[in-house]
Protein chains: 2
Amino acid sequence: MTDSDIKDGPGPSAAPPGEAARQPYHHGELRPALIRSARALLEEDGLEALSLRAVARRAGVSRQAPYHHFADKHALLAAVATEGFRELAATSLARMQQAPDARARLNASGVAYVVFAAANPSLFQLMFGGLGGRFNQDEALNAARKDAFAVIRAASADVPAVSRGTPDLSAVAAWAFVHGLAELLNKGAIQPRDFGLADAEALADQLIR
Amino acid sequence: MTDSDIKDGPGPSAAPPGEAARQPYHHGELRPALIRSARALLEEDGLEALSLRAVARRAGVSRQAPYHHFADKHALLAAVATEGFRELAATSLARMQQAPDARARLNASGVAYVVFAAANPSLFQLMFGGLGGRFNQDEALNAARKDAFAVIRAASADVPAVSRGTPDLSAVAAWAFVHGLAELLNKGAIQPRDFGLADAEALADQLIR
DNA sequence: CTCCTGATCTTGACGCTGTCATGATCATTC
DNA sequence: GAATGATCATGACAGCGTCAAGATCAGGAG
């Protein structure tokens, strides 16, 4: 037995524990199901441990089935990352709507950024560079990332004291700051309790002033 | 032929193109040689493509030889990352020494951070989280990272206008800002030419004010 | 209805990976 | 000079991503 993988997925009539009691043959909604499986495995086992075969297994499908919906593993990951950017933009906007003035909105967008990263560490890692070189290759991904940044840019432009210089430069500065904070917290390089604070949100709230 | 790897390295008397015309059997300086090989491959092919077997091949040694000097692949990568943090701290200090006052020293340390990341993108990626979960496991790595941050902390503490609040919080803010800038540039999320600037150094210089 | 076509899913195979188990070689100490 | 521990090599294994080729199904044309 050189290869043959022993058992990659259950037979078409078994009930796998993970996600899907397979329909007879065609799945019907395999593409979104694969993205869901990937996200679940991502937060369970981390980005390094995420394999295309495991994603297919969890969706109750053969290891090659994903190739009918994604060009390769990176394309699947890019789709997951795209979804991540959309959610980031959405939660940022939601948080900003509860702020009284422009300054508070900018702060809220920053806190939202850090909170999102803390709540979805592996997804955040994937969103920024988890795909190695092919990071800027995917068009939908680029658009979603740009939209997410646009939220910060708009919030920054509304605060006169901040956007004194070139508005875009100010927005980039704000983005870089919250992004760096998110990354350092995410990787454990800094920890909220080292500063007597409970969680990432408290630290972000304290620093963004 | 199920396995047997065909040809992992040249025989003990061949001359591989890469790095080492092997001494007869014992290498003598294999540990640093492996770190050198890893760094070379890192910048040539990127972090994702770096395999322990390729590192061994380049050092002119069998695939199992590294295990006599490192517990596993992550331990090798941790050693490379540790070296990276030492160099980062060293180049930061070097740049700071050419600055006239405290404020300029802080700025210089920030520019040095971004320039280092731009000059060693894959190494920088490895230094921050390229090892997945085991990121905080290695003692030497933790110490080297702490030392690198200490450079920023010291520079920040010397600037009264900056360290008005809790000094450590101010230092973290400075770190987060330059780190985020380095990451965003590194991953291509922002590009200097989008702001009419030539390179990462120019952008960092512009923003750090 | 039958037949065909294209989409969807599966299985086989290949070379690559990290690493365990085991064997070979060497430098050093008794 | 023999023993021993450090160093290096080879065999083997399961898992990975993905190419190639076969099986199955749904829908429309005749």
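Over which residues of chain A does pLDDT stay under 50, with 4 contacts beyond four places in sequence in the model? In this predicted model, that segment is residues 1-7 of chain A. A further stretch of chain A, residues 9-24, likewise stays under a pLDDT of 50, although the model has 17 contacts beyond four places in sequence for it. Where pLDDT is low, the predicted coordinates should not be read in detail. Averaged over chain A, pLDDT is 86, and 84% of the residues score at least 70.

Chain A contains 8 helices and 0 strands, so that its pattern, read along the sequence, is α-α-α-α-α-α-α-α. Of its 209 residues, 51% count as buried. Among the contacts in chain A that connect residues at least 6 apart in sequence, 60% join residues at least 24 apart.

Chain B can be laid on chain A with an RMSD of 0.0 Å by a turn of 180 degrees, accompanied by a shift of 0.0 Å along the axis. The two copies are therefore related as by a two-fold rotation axis. Within chain B, the C-alpha nearest this axis belongs to Gly180(B), at 1.7 Å from it. With regard to the interface, 100% of the interface residues of chain B are also interface residues in chain A, so the copies meet through the same surface.

The largest nonpolar core comprises 139 residues, and the residues with the most contacts inside it are Trp175(A) and Trp175(B). The greatest contribution to this core comes from helix 7 of chain A (residues 167-186), which gives 13 residues. Trp175(A) counts as buried because its relative accessibility, 3%, falls under the 20% cut-off. When neighbours within four places in sequence are left aside, Trp175(A) is in contact with Tyr113(A), Phe128(A), Phe149(A) and Ile152(A) in chain A, and with Leu184(B), Ala189(B) and Ile190(B) in chain B.

The aromatic residues were examined next. Over all chains, the count comes to 8 aromatic pairs. One of these is formed by Phe124(A) and Phe128(A), whose rings are 5.1 Å apart centre to centre, with 50 degrees between the planes, and which is classed as tilted. Both partners are buried, Phe124(A) with a relative accessible area of 1% and Phe128(A) at 3% relative accessibility. Phe149(A) and Trp175(A) form another aromatic pair, this one stacked, with 4.2 Å centre to centre and 20 degrees between the planes. This pair links distant parts of the chain, given that Phe149(A) lies in helix 6 (residues 139-157) of chain A and Trp175(A) in helix 7 of chain A, 26 residues apart. Phe149(A) is also buried, with a relative accessible area of 9%. In addition, Phe85(A), Tyr113(A), Phe124(A) and Phe128(A) form one aromatic cluster, and two of its members, Tyr113(A) and Phe128(A), are in contact with Trp175(A).

Individual residues in helices 1 and 3 of chain A were then considered. Thr82(A) is found in helix 3 (residues 73-96) of chain A and is buried, with a relative accessible area of 5%. A polar atom of the side chain of Thr82(A) lies 2.7 Å from the backbone oxygen of Ala78(A). Not counting residues up to four places away in sequence, Thr82(A) touches Ala140(A), Leu141(A) and Ala144(A).

Arg39(A) is located in helix 1 (residues 30-45) of chain A. At 19% relative accessibility, Arg39(A) still counts as buried, because the cut-off for that class is under 20%. Beyond residues up to four places away in sequence, Arg39(A) touches Val80(A), Glu83(A), Glu87(A), Asn120(A) and Leu123(A).

In chain B, Leu42(B) has its place in helix 1 (residues 30-45) and is buried, with a relative accessible area of 1%. Leu42(B) touches Leu47(B), Leu50(B), Val80(B), Ser122(B), Leu123(B) and Leu126(B), residues up to four places away in sequence again being excluded. The C-alpha atoms of Leu42(B) and Asn120(B) are 9.3 Å apart in space, whereas the two residues are 78 residues apart in sequence.

Definitions and conventions: Residues numbered from 1 in each chain as written. Chains lettered and ligands numbered in written order. Predicted model: local features only at pLDDT ≥ 70, side-chain atom pairs only at ≥ 80, totals over all residues. Heavy atoms only, no water. Least-squares fit on C-alpha atoms with pLDDT ≥ 70 in both. Contact = heavy atoms within 4.5 Å. pLDDT = per-residue confidence, 0-100. Core = buried A, V, L, I, M, F, W, Y, C linked by side-chain atoms within 4.5 Å. Buried < 20%, exposed > 50% of the residue type's maximum accessible area, 1.4 Å probe, protein only. Helix = DSSP H or I, 4+ residues; strand = E, 2+ residues; numbered from the N terminus. Polar contact = N/O pair within 3.5 Å; in protein donor to acceptor, adjacent residues only side chain to side chain. Phe/Tyr/Trp six-rings, centres within 6.5 Å; stacked < 30°, edge-to-face > 60°.
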